[in-house]
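The exercises below work through a single protein model, each with a task sentence followed by a stepwise solution. Please keep the sequence and the coordinates at hand while reading.

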Amino acid sequence: MSTVATPGPTTPGPAAPGRPAAGPRKSKAGWNLLGLLVFLVAGFPVYWMVNTAFKPAKDAIDPDPSLLPTGITLSNFRRALDIADFWGPVGRSLIVSLSVVAIGMVIGLLAALAISRFAFRGRKVVIVGILAVQMVPLVAMIIPVFLLLNDLDQYDKLSGLIITYLTFILPFTVWTLRGFIVNIPKELEEAAMVDGCSRTGAFVRVVFPLLAPGMVATSVYAFIQAWNEYLYALMLLSQEHQTATVWLANFSTKHGTEYAPMMAGATMMAVPIVVLFLLVQRKMAAGLTAGAVKG
């Protein structure tokens, strides 16, 4: 009598070659969806600002606004330029921001190099102090800064505002550049010094080119911080010397706020940041990915 063998439980074999597994594909689609959601949430305020800037003024205060523009006009930009001097505040903001970036990068680079490459007494205290300074709310320092600048005869001067901005931009600059420098092996400098370079020459010829992406990323951050700062510019400068962010307050009057011209002014203020980012986006992306802190 012959017996018929019953098939036992089978295990799934490997996926056919050339056919990607469903799991990784779903995971990738999920991450893409999450990234798209984050982009929409972060980009919607910018879209609404530009959308309102080109709307007719009456549509900007419509209680039932349209998500898509129903009409396009440039009158808001003309109104923004006419309501108060525009180029003066923008020029002063550029002077302050570029000065902060230039001075901050020189001082920050030297400080970061000293902290990351040299061992000295109190080094850890300096590092902890840099982190502690960043934890202090900026609003808590307004009165001491005002009194100090008044004693130094720097109140209502762009130089005083530059000094003030350096106090809260330098700690971040030093800490960030330190993270880039410690990721560059010391052996590269030592090899250059063996070949006849001085310590300064080794830094300029070897370390500095490798540090360039990190310096670009840090500079862009410092520029954005100085360009967008409002509170100290309002408190330390008179209307005659106001910067671009304070200039936007001219659209709020006793008769109400002109939202459409204000959004037009904000759009014009965002142009320098966008242009700067487009010019350095490759270096900035490389710097952000290379800036993991080690040690």
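**Exercise 1. Classify the two rings of the pair Phe 203 and Phe 208 by burial, and then describe the geometry of the pair.**

Solution. At 13% relative accessibility, Phe 203 counts as buried, because buried means under 20% relative accessible area. Phe 208, by contrast, has a relative accessibility of 36% and therefore counts as partly exposed, the class between buried and the exposed range over 50%. In this predicted model, the two rings lie 6.4 Å apart centre to centre, with 65° between their planes. The pair qualifies because ring centres must lie within 6.5 Å, and it is edge-to-face because the planes are over 60 degrees apart.

**Exercise 2. Carry out the analysis again for Trp 247 and Phe 251, and state which cluster of rings they belong to.**

Solution. The centres of the Trp 247 and Phe 251 rings are 5.3 Å apart and the angle between the planes is 85°, which makes this aromatic pair edge-to-face. Trp 247 counts as buried, at 0% relative accessibility, and Phe 251 is likewise buried, with a relative accessible area of 0%. Ring pairs join these two residues with Phe 86 and Trp 87 in a cluster. For the structure as a whole, the count comes to twelve aromatic pairs.

**Exercise 3. Summarise the overall architecture of the protein in terms of its elements, burial, contacts and surface.**

Solution. Begin with the elements: the protein has twelve helices and two strands, and from the N terminus on they run α-α-α-α-α-α-α-α-α-α-α-β-β-α. Next, consider burial, where 34% of the 295 residues count as buried. Among contacts with a separation of 6 or more, 73% are between residues 24 or more positions apart. Finally, the accessible surface comes to about 18300 Å², and carbon and sulfur atoms account for 69% of this area.

**Exercise 4. Describe the largest pocket by its volume, its lining and the elements that supply that lining.**

Solution. The largest pocket holds about 360 Å³ of space. It is lined by 16 residues, of which Met 49, Ala 266, Thr 267, Met 269 and Ala 270 are the closest to its centre. Two or more lining residues come from each of helix 1 (22-53), helix 9 (199-228) and helix 12 (259-289), and helix 12 gives the most, with seven residues. Sorted by class, the lining of this pocket has 13 nonpolar and three polar residues, and no charged ones.

**Exercise 5. Describe the largest cavity in the corresponding way.**

Solution. The structure holds one cavity of 30 Å³ or more, and the space in the largest cavity is about 30 Å³. Its lining consists of Ser 93, Val 96, Leu 161, Tyr 165, Ala 226, Trp 227 and Thr 243. At least two of these residues come from each of helix 4 (87-117), helix 7 (158-182) and helix 9. By class, five of the lining residues are nonpolar, two are polar and none is charged.

**Exercise 6. Is Ser 219 buried or exposed, and how does Ala 249 compare with the cut-offs?**

Solution. Ser 219 is found in helix 9, and at 17% relative accessibility it counts as buried, because the value falls under 20%. Leaving aside residues up to four places away in sequence, Ser 219 touches Val 101 and Met 105. Ala 249 is located in the loop between helix 11 (244-247) and strand 1 (252-253). With a relative accessible area of 35%, Ala 249 is partly exposed. The C-alpha atoms of Ala 249 and Leu 234 are separated by 9.8 Å, the two residues being 15 residues apart along the chain.

Notes. Residues numbered from 1 in each chain as written. Predicted model: local features only at pLDDT ≥ 70, side-chain atom pairs only at ≥ 80, totals over all residues. Heavy atoms only, no water. 1 Å grid on protein atoms, 1.4 Å probe; cavity = no way out; pocket = protein on both sides within 12 Å on 5 of 7 lines; lining within 4 Å. Points joined across faces, edges and corners; volume = space filled by probe spheres on them. Helix = DSSP H or I, 4+ residues; strand = E, 2+ residues; numbered from the N terminus. Nonpolar A, V, L, I, M, F, W, Y, C, P; charged D, E, K, R; others polar. Buried < 20%, exposed > 50% of the residue type's maximum accessible area, 1.4 Å probe, protein only. Contact = heavy atoms within 4.5 Å. Areas by Shrake-Rupley, 256 points an atom, 1.4 Å probe, with all protein chains shown as cover. Phe/Tyr/Trp six-rings, centres within 6.5 Å; stacked < 30°, edge-to-face > 60°.
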